[in-house]
Amino acid sequence: MMKYNVVSPSSSKLYRCLFFLPIFFIFFVASARRLEQVPEPSPTPAPVPQPSPKPAPAPKPKPSPGPAPTPAPTRARNTTFPAIFAFGDSIVDTGNNDYISTLVKANFPPYGMSFPHEVPTGRFCNGKIPADFIADFLGVKPTLPPYLKPGLTQEDLITGVSFASGGSGFDPLTPIVVSAIPMSNQLTYFQEYIEKVKGFVGKEKAEHIISKSLAIVIAGSDDLANTYYGTHAEELLYDIDAYTSYMASSAASFAMQLYESGARKIGFIGVSPIGCIPIQRTARGGLKRKCADEVNVAAQLFNTKLSRSLHSVAQTFKNATLVYIDVYALFAQMIQNPKEYGFDEIDKGCCGTGLVELGPLCNQFTSLLCSNVSSYMFWDSYHPTERAYRILTKKFIETDMSPFYDK
């Protein structure tokens with residue numbers, strides 16, 4: 001029986017210049033390589049429908065203990081999900097961008113300073129990210145490896161991997177601009193992965209693993225923050241209503257292709273209040289660096305359309321669970337009531353000034369670090385800290401997982 005759950009836009013020209021100079025540098029250098037292809041496995045999946053045009057280095061401080069860590073959900077022996085699969089952008093990219101030609105990387109210090117052994121792994125965070133916490137909290141394994149990492153063992157693969165790529169999105173233009181792995185290629189890698197698992201355990205058991213495993217999709221933030229409001233590449237063609245409809249349609253198409261590939265437990269996590277992330281405050285929040293309301297309204301508009309689109313697709317599925325998961329509300333609550341969650345700083349990142357640094361701009365040679373990363377909600381100007389991710393993921397695991405469990 002199909003189950004579907006819905007878990008419940010001004011600013012200073014000076015700040016815009018400060019923001020867009022480094023961002024345009026990244027985008028324009030990357031655009032010069034647009035013909036350079038992301039590694040292409042085979043076979044190629046059906047394309048996503050295209051839209052109709054519309055009318056001296058400083059020493060690195062160690063983080064202090066800070067607030068007590070949020071307790072993880074009780075980790076029981078996993079009997080429900082053989083594996084975890086992650087698709088989307090930097091929120092769940094555990095290191096795939098390390099192995100492609102792109103400027104969007106995080107495989108250097110201080111990234112990873114809170115990860116086991118203080119190793120930068122390509123995760124856009126000081127430590128673990130949601131893909132890891134989901135796998136850990138559900139009892140599958142402590143961390144989720146990137147699919148493109150060389151030397152993965154049979155056990156690594158069978159228990160799940162991340163196909164996500166920092167800088168990707170539901171709009172095919174989004175990954176092209178920064179040479180990330182498009183969602184369509186992530187799906188192709190997934191199909192390639194399935195063939196590998198069949199070779200390990202046989203066709204019948206492989207299909208069982210795929211159908212019983214959890215597939216999580218997180219994308220859309222880069223489409224809005226970068227492609228639409230950042231480079232304005234799509235703003236010239238679509239108003240925000242048309243663009244969010246296009247994004248939602250592309251997401252629904254991706255859900256259908258996951259289902260056709262054998263996935264039967266699929267969760268799409270919506271976009272957070274990205275108008276409140278530090279870099280958007282810097283670019284669009286004026287001298288007081290307020291949240292960019294226009295961007296937050298766009299995120300909510302997309303989330304509403306994503307929910308509706310997935311609901312429509314869900315009606316065509318048999319013996320599958322397709323769930324839309326809202327994170328906007330909790331994320332907004334954490335920003336509005338930071339002390340309740342143990343955060344002292346919510347409008348800038350821990351790395352550097354915290355106003356614009358991310359990716360290559362957040363590095364051990366040019367960036368000082370905050371003294372207490374645990375008290376910061378954001379690690380760089382775009383991505384939350386490990387502790388913030390833990391809080392968000394814990395809530396998801398505790399309140400939104402029931403539709404996925406076998407009855």
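Select Gln 300 to begin: this residue is partly exposed, with a relative accessible area of 39%, where partly exposed lies between buried (under 20%) and exposed (over 50%), judged with a 1.4 Å probe and protein chains only. The model is predicted, so local features need pLDDT of at least 70 and side-chain atom pairs count only at pLDDT 80 or more, whereas totals for chains, interfaces and linings use all residues. Residues are numbered from 1 along each chain as its sequence is written, and side-chain values use heavy atoms, without hydrogens or water.

Gln 300 sits in helix α10, residues 293-314. Next, add Val 271, which lies 29 residues away along the chain; its C-alpha atom is 7.6 Å from that of Gln 300.

Now display the whole chain as a cartoon. It contains 12 helices and 6 strands, taken as DSSP runs (helices H or I, at least four residues; strands E, at least two) and numbered from the N terminus. Of its 407 residues, 59% count as buried.

For the interior, select Phe 87, Phe 190, Tyr 193 and Phe 268, which have the most contacts inside the largest nonpolar core, a set of 94 residues. Such a core joins buried Ala, Val, Leu, Ile, Met, Phe, Trp, Tyr and Cys residues through side-chain atoms within 4.5 Å. Helix α8 (residues 240-260) supplies the largest share of this core, 10 residues.

Centre on Phe 190. Leaving aside residues up to four places away in sequence, it touches Phe 85, Phe 87, Phe 163, Ile 210, Leu 258 and Ser 261, contact being heavy atoms within 4.5 Å.

Finally, select Val 92, Ile 134, Leu 214 and Ile 218, which are among the 27 residues of a second, separate core.
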